[in-house]
Amino acid sequence: MKSPTLPIQIENLTYAYGRREAVRNLSLTVEPGRCYGLFGRNGAGKTTTIKCLLNLLRPQSGQVRVFGLDPAKHEVEVKRLLSYVPDQVAFYPWMSVRETLDYLASFRAHWNRQTEQELLERFQLDPAQRTGDLSKGQRTQVALVAAVCPETDLLVLDEPTSGLDPIVRREFIEAVIGAYQQGVPGKRTILVSTHLITEFEGLIDDFTLIDHGRSVLTTLDADQARERYQKIRARFAQAPPEIDLHAALRVRRDGRELELIANGSGPELMERLREHNPEALTTESLTLEEIFVAILKS
Amino acid sequence: MILQINFKSGMPIYLQIVDQIRAAAASGALRPGEALPSIRPLAEELRVNRNTIAKAYAELESQGVIETLPGRGSFLKENQSALRKKVRRELLIEDIDQAIVQAHHLQVPHDEFLELIRARLDVLDDKRRAHEDHKED
Amino acid sequence: MNAQRMYKEARPLVWPWCAVVCAGALTLVHPPQPLGEVSYLVFVLGILLLATLPFGNEFQNRTFSLLLSQPISRMQIWREKLSITAIVVFTAALIILSSWRASGVHMDRGIWGYAAAAAIVFVASAPFWTLFTRSIVGGVVLSFGVYNFVVVLGYQVLFWGRGHSKLPASTFIATMSFVFLGYAGLMLWLGWRKLAKFQAIGDMAGGDLLTAGPDVLPAAWVGWLRCRPTGAVLNLFRKEFRLLRPVWLISLLTAVGWACVTLLGLLHPQGLTRNFESAVVSVAVIGTLIIAILAGSLSLGEERTSGTHLWHLTLPVSARRQWFIKLCVALFAGFVGAGLVPLLIAGRLLESSHMLLLVGALLTFAAFWCACAVKGTVPAVLWVLPVMIALYFAVQLGKWAGPALTNLFFSRFDPFANAKFAAAVSRFGSTAFFKLIHAASTNMTDSAQAALVLTTTILVPTLFYAVVQSYRLFRAQLQDRALSVVRSLLPLATTAFLCSFASLAFYTFVSQAAQDPKWTALFQIVEAIQKVQSGAGKLDAAHPLQLTVEDLAKASTLSKSTRRLLGNSHITLALDEPPHHGQFGCGENPQPHGLSALGYSWYSAIIPLADGSRFIMAFDPVTHYVISFGICGGPPPRFPVGVH
């Protein structure tokens with residue numbers, strides 16, 4: 001039974017460009033009010049998935065539901081309920097910032113002028129400047145303003161901060177937290193697709209990993225993931241004998257030192273290592289980016 | 001009050017915030033009746049989901065550490081727990097037992113452990129005194 | 001239908017619309033025959049371009065995905081784009097056609113019908129082809145190419161049908177309209193389906209089908225076109241050939257069009273009515289024009305838009321080499337596609353085939369220059385015509401200014417009083433350059449070709465300057481402004497003006513030197529006397545009119561050398577009567593001529609010259625027809641150059 005109010009529900013999505021399959025049997029669910037991270041390497045299929053949400057691409061098989069609606073059949077309805085910041089922002093170069101925002105506002109029933117004003121001031125954007133003369137970071141900022149002001153229930157961000165300088169990246173995230181997450185907490189859902197995970201670390205509630213079009217991980221809660229994934233380092237007096245470490249996700253030996261990545265079996269592995277009396281034994285949790293690297297490299 | 005999130009600690013973010021606020025209250029960095037930073041600016045500064053901060057504040061409220069007045073913000077409560085003394089003692093005993101188990105695993109002997117506890121209590125007292133002096137200035 | 005959205009749709013079309021309308025309405029301003037035909041061709045090309053722009057601009061700016069992500073249904077998008085296309089195209093067409101009518105071009109119903117059909121068909125089919133190829137150039141090329149097929153085929157079939165059965169003209173027209181409307185309807189339906197099912201594959205709007213689409217060539221040719229790790233120059237050539245893929249494609253389509261034209265010509269050498277012939281031939285000619293313009297502007301235009309041009313300037317290949325390779329391949333493509341192919345296929349149908357080659361080459365180079373001066377293929381294409389017109393006017397201005405200023409000079413100064421100087425200067429009259437200009441300006445039978453030869457000769461330095469300028473512009477970082485083109489155009493136009501001015505001033509100067517001053521004086525005196533006579537009343541036999549040199553000078557300009565020859569003579573103007581009546585001659589032995597028997601009365605004037613000879617003329621006072629004139633006494637004057 002599908003709950004009709006789930007912001008995004010994708011089941012067995014498949015899309016191929018000609019013969020090359022970009023997305024294969026992908027399933028994911030986004031809960032309302034949460035921030036969902038779609039992580040993957042370049043070319044993993046993140047953008048393709050997002051384009052299927054917007055009916056920019058039509059899936060060959062599988063089902064996509066946005067707030068219970070099929071984007072192919074109820075195109076306008078779906079687009080009214082969400083707003084989108086693409087990875088390559090392009091505007092009509094002869095329009096000024098003001099004109100572009102007015103143009104995009106004309107498609108929306110609701111537009112918060114005050115938020116728009118605040119964000120323009122915060123980003124220090126000149127409304128009279130032509131979008132063709134803006135830098136890449138500034139264009140992304142305009143796109144974000146245009147996405148936040150309609151105050152939709154779902155915000156979709158596709159690689160929003162790639163190619164931007166560190167300050168603009170921070171401002172972007174602050175604006176998402178500050179301006180978008182107003183209002184009723186359960187009504188503001190975010191889907192972020194990115195490979196720059198460090199910045200979004202604090203924002204993400206749930207995430208999944210896509211590799212070569214397939215989902216490599218079931219959806220994980222970010223806090224739980226950080227608890228489960230641990231990096232254990234041990235140093236021995238002599239080169240250690242063979243230890244049964246198959247429970248670890250990844251093992252790295254370097255002379256007398258041993259590094260393990262554990263997925264939930266941390267305590268068990270620690271016990272095994274202690275049996276061999278290591279000189280030093282430390283454990284620490286992994287950040288989401290390190291989890292990303294650990295899983296995709298193994 | 002400066003809060004810091006450590007993504008490597010394995011502890012859920014909201015719990016980290018709860019602990020840090022409690023530590024601040026204990027050391028006097030945060031005084032009873034003082035206002036906590038509001039959710040939005042704190043979330044923007046830490047670059048953390050607003051829901052997380054909200055969850056942390058909700059947890060603190062349920063523990064009786066802070067109180068939220070609608071429209072005015074959240075304030076640190078006077079150190080008056082609603083729980084009975086016996087219950088409070090039992091809660092503390094749980095945490096002490098955990099610390100003892102950890103000491104065993106880390107191979108810290110009995111006397112050293114007691115030394116450490118005394119030392120840490122002294123540190124907290126110093127901090128509190130420093131904040132008191134600061135207040136008088 | 002949101003007013004703001006319609007404004008946003010219309011805004012980028014304003015300048016192209018103005019350009020097309022001005023070009024098409026040129027006939028109002030100055031209709032010499034070549035420009036009139038040009039405006040007809042411009043009409044078709046301009047309408048086509050305007051029809052592809054609404055969708056094409058979205059691809060150009062990569063904003064199609066932005067539009068598709070908004071909460072607006074695809075039907076709404078389709079309606080808005082189609083209505084703006086219709087408005088833009090039909091208003092432009094109406095204005096151009098009305099201006100033709102107003103300037104007196106003969107407009108029969110056939111032309112109206114054909115123009116209306118073209119407008120309707122382009123509005124209906126351009127969206128589909130633009131969506132199909134995802135680019136402006138592709139939309140233009142394919143909608144024109146397919147339309148070419150439909151028109152030619154349709155005309156072929158129906159003409160054959162008409163020739164073999166005695167159907168009345170109305171049935172024929174009805175069938176043709178049915179074909180047109182059917183095609184238009186089909187294209188509209190296909191276009192809507194294409195938009196409804198459009199998928200934004202790839203980079204925001206998808207790659208351009210023509211340049212980036214799948215290869216249609218056999219594998220061996222594709223293998224040659226693939227770049228190798230060594231041989232940078234050859235790779236550059238390969239890249240250029242690949243970039244010009246749309247041009248090869250439309251050359252193919254136009255070649256088929258020309259073949260059909262030849263077929264028509266062979267089958268019905270005398271039976272073609274004007275409408276069919278002009279329609280079919282013009283379709284092929286327009287294709288040729290498109291090829292020439294695209295060949296010149298496509299490669300650099302696309303490279304500038306996609307950013308690869310800037311990247312290439314950072315590679316360790318000299319910019320001059322890259323520019324030269326581009327220029328060579330562009331000229332080659334223009335020559336082959338727009339010149340050689342039509343000639344080979346339809347050679348016997350066309351007279352003045354060298355002109356076609358020359359025009360093709362010039363057009364290709366003009367398009368190349370424009371592509372160097374602006375950023376983008378479409379702006380380059382739009383600037384070709386204004387640039388050529390500007391240059392044409394500069395040359396015409398020089399052509400007028402040269403003789404005018406020289407004559408002004410002669411009215412003040414008399415440099416040829418010194419006979420030796422005059423002889424030295426007149427030796428230039430035997431140079432080839434002089435003879436060429438003379439042949440072009442006085443040879444009336446082949447005026448178009450002569451004009452072209454003259455223009456080309458005069459423009460050789462201009463061409464040289466343009467070539468150098470195109471290299472400098474090739475390397476420059478361009479702003480996206482129209483003023484920069486004007487800034488580059490100004491020196492070029494000035495050079496053209498100066499060249500034609502100098503050439504014609506030289507020509508006038510030398511021919512004046514070569515000419516016996518007496519002949520010049522002769523013509524000026526004739527003109528002056530006629531002017532004086534019309535001012536005076538009727539003369540009778542008893543009262544001849546006495547005039548001085550001053551009276552003549554007041555009536556019309558006399559150059560200094562004429563005055564020198566006249567000196568202080570007194571001119572007698574009288575009704576012609578015996579003993580000179582009906583005779584011509586000097587002095588004692590007048591020769592009779594036959595006109596005396598006709599009973600006309602005419603005036604005769606006797607003008608004594610400073611060196612003792614006399615100038616006698618007789619003319620009809622009413623019509624100013626000069627019956628006879630001559631110089632008596634003194635050495636016979638040399639005949640002016642060119643007069644037999």
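Good morning. By the convention used here, an angle over 145 degrees between two helices counts as roughly antiparallel. I begin with that cut-off as it decides the first case in this predicted model.

The case concerns two helices of chain A. Helix α4 of chain A covers residues 113-123, and helix α6 of chain A covers residues 166-180. They pack at an angle of about 160°, and their axes are 12 Å apart. The angle is over the cut-off of 145 degrees, and α4(A) and α6(A) are therefore roughly antiparallel to each other. As to handedness, the crossing in which α4(A) passes α6(A) is right-handed.

Which residues meet between these helices? From α4(A) there are Thr115(A), Leu119(A), Arg122(A) and Phe123(A). Facing them from α6(A) are Glu171(A), Ala175(A) and Ala179(A). Sorted by class, this contact comprises 4 nonpolar, 1 polar and 2 charged residues.

Helix α6 of chain A appears again when we turn to chain B. The contact between these chains takes 19 residues from chain A and 17 residues from chain B. On the side of chain A that touches chain B, at least two residues each come from α6, from α8 (222-228) and from β14 (280-285). Of the elements on that side, α6(A) gives the most, with 4 residues. The class count for the side of chain A that touches chain B is 5 nonpolar, 7 polar and 7 charged residues.

I turn next to chain C. Here 21 residues of chain C are in contact with 21 residues of chain A. Within chain C, helices α1 (3-10) and α5 (64-68) each supply at least two residues of the side that touches chain A. That side of chain C has 8 nonpolar, 9 polar and 4 charged residues.

Finally, I take a single residue, Ser27(A), which is found in strand β2 of chain A, residues 20-30. Is Ser27(A) buried, exposed or partly exposed? A buried residue has 20 or more other C-beta atoms within 10 Å of its own, and an exposed one has 12 or fewer. Ser27(A) has 15 within 10 Å, so this residue is partly exposed.

What does Ser27(A) contact, leaving aside its neighbours within four places in sequence? The partners are Ile10(A), Glu11(A), Asn12(A) and Ser215(A). As for Val176(A), it stands 149 residues from Ser27(A) in sequence, and the C-alpha to C-alpha distance is 26 Å.

To close, I return to helix α6 of chain A: it packs with α4 of chain A, and it supplies 4 residues to the side of chain A that touches chain B. Thank you.

Note on methods. Residues numbered from 1 in each chain as written. Chains lettered and ligands numbered in written order. Predicted model: local features only at pLDDT ≥ 70, side-chain atom pairs only at ≥ 80, totals over all residues. Axes fitted to C-alpha atoms, helices over the stretch in contact; angles between N-to-C directions. Parallel < 35°, antiparallel > 145°, perpendicular 65-115°, else oblique. Left-handed = near helix turned anticlockwise from the far one by under 90°. Contact = placed C-beta atoms within 7 Å. Nonpolar A, V, L, I, M, F, W, Y, C, P; charged D, E, K, R; others polar.
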